[in-house]
Amino acid sequence: MSRGAILPNRGLADRLSALFWRRPTVLLLLLITPPLLWLGVVYLGSLGALLLQSFYSIDEFSGVVVEEFTLKTYGELFRAANMDIILRTLTMSASVTLASAVIGFPVAYFAARFARGRWKAVFYLGIMLPLWSSYLVKVYAWKLILAKEGIITWAADSVGLGFLLDAVLALPGVGGNSLSTSFIGTWLVFVYVWLPYMILPMQASLERVPVSMLEASSDLGASRGQTFRTVILPLAMPGVIAGSIFTFSLTMGDYIIPQIIGTSARFIGQAVYQLQGTAGNIPLAAAFAVVPIIIMLVYLSLAKRGGAFDAL
Amino acid sequence: MTNAVTFHKVSRHYGKVKAVDAVDLSIAEGSFFAMLGPSGSGKTTCLRLISGFEKPTAGEIRIFGQDVSDTPPNRRSVNTVFQDYALFPHMNVRDNVAYGPMVAGVGKAERYAKAEEMLALVKLDSYGDRKPGQLSGGQRQRVALARALVNEPRVLLLDEPLGALDLKLREAMQDELKALQKRLGITFVFVTHDQHEALSMADQLAVFNEGKIAQIGSPAEVYDRPATPFVADFVGSSNVLPPALTAQLGGATAWASLRPEAIRLVAKGKGKMNGTVAALRYLGAGSRVSVMVGETEIAALVPAGETAPEAGAEVGITFDASALHVMAGS
C-alpha cells in the first residue's frame, strides 16, 4: 500500500496550523492585538489623561479644577518649595542608582563569569529571595535595624565605633538624629530594595561578553583596568543602563520608603500622593508626575548620545 | 639559531584530565609551525600555554629563551588570532586594529596610521569605519589578523583561524597567510585539525594525540614516515597494516603504513596479495576503492583515467616495496 504525499488532517489543531502557515499575519495579529490594546488604551490612554490634567489648573478659592489649557500649573513646579522636592528626589535617585551599580557590578560579574551549576542557582536565589517577601515588611525591618535602639547602633557601640556612627550622623544635610530618621537611612533602604533590579540586567549583559574578547584585550597588551574600561564596561553598558532605568525610576516614584524611613522632607512620590489625596490638587499632582517621565527621557537620550547602546 | 618557543616537560592537567602531558617542543624562529590533531588532543591548550591564557601545572615554557612562567599574557610579545576572531563589537574596524597601540599609550594620529598600514597589509584599506558586524566572515578574519600583527609580535598564534570559512576562501587565505609569513618573517604557530591545511602550509608540524605529541617533523617526513599508527591514520588516512600482514608482505613483524595512492590494483593473483572490493567512493579526481584482505581493509586510490573495479570483484594488490613504511615505534 502506498502512502499519499499529504498526511491526513488530524482535526482543528492541524487546520489552525495550516491557516497560520498560509496567512502568517493572522497569527501575528492574534498575538499582538491584546497587548496593543492594553498598551494603547489602558496605559497610553491614562498617560494621556494625566498629561491633559497637568495642563489644567485649580481655582484657588473654590478648589475646583478649571478645565482650560494653561501652563500655570507647570509654573508652580518652579516655586522654591516644589523645586526642592524635585531636586531632592533627583539627587536621591541618582545616588541610589550609582551605589546600586557600584555594589551590583562585582556581584553580577562574578555570577556571569565564574558561577556555574549549583553556584548559579545560589546566585539567583540570593538575588531573588528578598523580592519574594513583602516590600513593607522589608522596609519596616530596616526601620528597626536603623533605629537608635537598633542593631547597627548597638553593634557600633559594642565594638567602640559609636563615635564613627555619630560622626556620620553629624554630617550636614544627610545626617540626623538616628539612621532611621536621616537621608542616609532612606538611601540605604532604597539601595537595598532596588539592588536586584540592577544586578539582574547587568548580569545578563555581562554573560553575553565572550571570554575570548577579554583574552583578546589582554593578548593585545591591555592591563586588567584597561580591559575593564575599554571592553567590559562598554559591552555591559546596555545592561547597566537597563538596570539604572529600574533603580532610577523606582526611586523617583516611590512614596513609601521616604515616608517610613528618613526626615519629614518630601519626595516627588509623596508630593503626588498628598496633592491628589488630601489637597485635591489633581493638576499639580499630574504636573509632578510628569517630571520623572521627562527626567527619564533626558537621561536616556544622554545615555544614547554617550554611546551607551553602541554594543547593541 | 634561537628557538622562538621551547616547551620543557610541560603539562597542563585539569584534575585527572591530562590536557597536555609532559610535552617537549621547540619551534624554530621564523618558521611556520602547525599543531595538528583531533579535537581534545591538547593542541589548543598548547597554544594557550604560549599566549599565557593557561598556566602549566608542570614544566617550563621559554619564548626566545626567556622563561615566561610569571609573565601574564599582556606582557608577552606574542599575539593571537582567535578562532571566533573576538573582534570588539562596539568599536569600528580601525579602533579594533589600533587597540594594541591604544592600550600601549600611542597617540591617536600615530596609532590610526599604524592601523591603516595593517589594514592595507590585509587588503581592507577602505573598511576602517565599518563595525565588525557589517563584515563577512573572511573580512573579519583579516581584521583579526591585522589587529594581532599591529603590535609587531615575535610569535603569532593562530587558533583554527580558517575553520569558519568556506572552502574557496579557506584555500585563498592559506596561500595568503603563507605569503604573509614569508614576507614578515615572524614565527607563526598554527593550530588546526585539518591535515591538508597543516601539510600544505607548515614548515614543521607536530601531531597531537591525547595530550602528547605523537610526531614532530616536516610535512613530508610526517606524511611519508608516520611514527605511529595514529599518525598514519590521521595524517592523510593511510592504510595501517597489522604486524602479521606486514610480515606476510616482506616487512618486519610490526605495524606499517601504506599510502592509498601508492597502491595499484591488478588482476587477481598478479599482485602481492589478493582481496575483494568492498566499496567504492567517487572523489572526482579519482576513486577510493576499499579492498578487504582477510580482516583488514585496504584503501587504494585509482586515478580518474583508469577503470576502477566494481564492488565484489576479486583483485590483486601491488605496490613498490619502498612504499611500505614499517613503524619502528609501535
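Reader: Let's start in chain B. How many bridges join β3(B) to strand β9?

Author: There are 4 bridges between β3(B) and β9(B), which covers residues 204-209, and the two strands run parallel. Keep in mind that this is a predicted model.

Reader: Okay. Which residue in β9(B) is the bridge partner of A34(B)?

Author: That's L205(B).

Reader: And what about β8 of chain B, how many bridges join β3(B) to that strand?

Author: For β8(B), residues 187-192, the count is 5 bridges, and the pairing with β3(B) is parallel. One of the partners to look up is V191(B), which sits across from M35(B).

Reader: Which way do the residues of β3(B) point?

Author: F32(B), A34(B) and L36(B) go one way, while F33(B) and M35(B) go the other way. Both sets are buried. In fact 5 of the 5 residues in β3(B), residues 32-36, are buried, so the strand counts as mostly covered.

Reader: Switching to the interface. How many residues does each chain bring to the contact?

Author: Chain A brings 19 residues and chain B brings 24 residues. Together they bury about 1800 Å², with 57% of that on carbon and sulfur atoms. On the chain A side, E215(A), D219(A) and L220(A) supply 39% of the area buried against chain B, more than any other three residues do.

Reader: What polar stuff goes across between chain A and chain B?

Author: There are 11 residue pairs in polar contact between the two chains, counting pairs with both residues at pLDDT 80 or more. Two helices of chain A, α10 (211-219) and α11 (224-253), each give at least two residues to the side that touches chain B. α10(A) has the largest share there, with 7 residues. By type, that side of chain A divides into 8 nonpolar, 8 polar and 3 charged residues.

Reader: How many salt bridges cross the interface of chain A and chain B?

Author: The rule finds 1 salt bridge across it. E215(A) pairs with R48(B), and their closest N and O atoms are 2.7 Å apart.

Reader: What else does R48(B) form a salt bridge with?

Author: R48(B) also forms one with E54(B), where the closest N and O atoms are 3.4 Å apart. R48(B) is partly exposed at 22% relative accessibility, whereas E54(B) is buried at 14%.

Reader: And away from the interface, which residue does D320(B) meet in a salt bridge?

Author: R264(B), at 3.5 Å from N to O. That pair links distant parts of the chain, 56 residues apart: D320(B) is in the loop between β17 (314-318) and β18 (325-326), and R264(B) is in strand β13, residues 264-266. D320(B) is partly exposed, with a relative accessible area of 48%. R264(B) is partly exposed too, at 44%.

Reader: Back to networks, then. Which residues do salt bridges with shared partners join into one network?

Author: E215(A), R12(B), R48(B) and E54(B). Over all chains the structure holds 18 salt bridges. One of them, in chain A, is R79(A) with E76(A), whose closest N and O atoms are 3.6 Å apart. E76(A) is buried at 17% relative accessibility.

Reader: Now D21(B). Buried or exposed?

Author: Buried, at 15% relative accessibility. D21(B) lies in strand β2 of chain B, residues 17-28.

Reader: What does its side chain make a polar contact with?

Author: The side chain of D21(B) contacts the side chain of K212(B), at 3.2 Å. Leaving out residues up to four places away in sequence, D21(B) touches V10(B), S11(B), H13(B), G211(B) and K212(B).

Reader: Last topic, backbone oddities. What is the phi of A86(B)?

Author: About 50°, so a positive phi, although A86(B) is not a glycine. A86(B) sits in the loop between β6 (78-81) and α2 (93-97) of chain B. At 1% relative accessibility, A86(B) is buried.

Reader: And where is E152(B)?

Author: E152(B) is in the loop between α5 (137-149) and β7 (155-159) of chain B. Its phi is positive as well, near 50°, and E152(B) is not a glycine.

Reader: Is that one buried or exposed?

Author: Exposed, because E152(B) has 56% relative accessibility and the cut-off for exposed is over 50%.

Note on methods. Residues are numbered from 1 along each chain as its sequence is written. Chains are lettered from A and ligands numbered from 1 in the order in which they are written. This is a predicted model: local features need pLDDT of at least 70, side-chain atom pairs count only at pLDDT 80 or more; totals for chains, interfaces and linings use all residues. Side-chain values use heavy atoms; hydrogens and water are left out. Contact means heavy atoms within 4.5 Å. Buried area is the accessible area (1.4 Å probe) that two parts lose on being put together, summed over both. A salt bridge is a side-chain nitrogen of Lys or Arg within 4 Å of a carboxyl oxygen of Asp or Glu. A polar contact is a pair of N or O atoms within 3.5 Å; within protein, one must be able to donate a hydrogen and the other to accept it, and residues adjacent in sequence count only if both atoms are side-chain atoms. Ala, Val, Leu, Ile, Met, Phe, Trp, Tyr, Cys and Pro count as nonpolar, Asp, Glu, Lys and Arg as charged, and the others, Gly among them, as polar. Buried means under 20% relative accessible area, exposed over 50%, partly exposed in between (1.4 Å probe, protein chains only). Two strands pair if DSSP finds at least two bridges between them.
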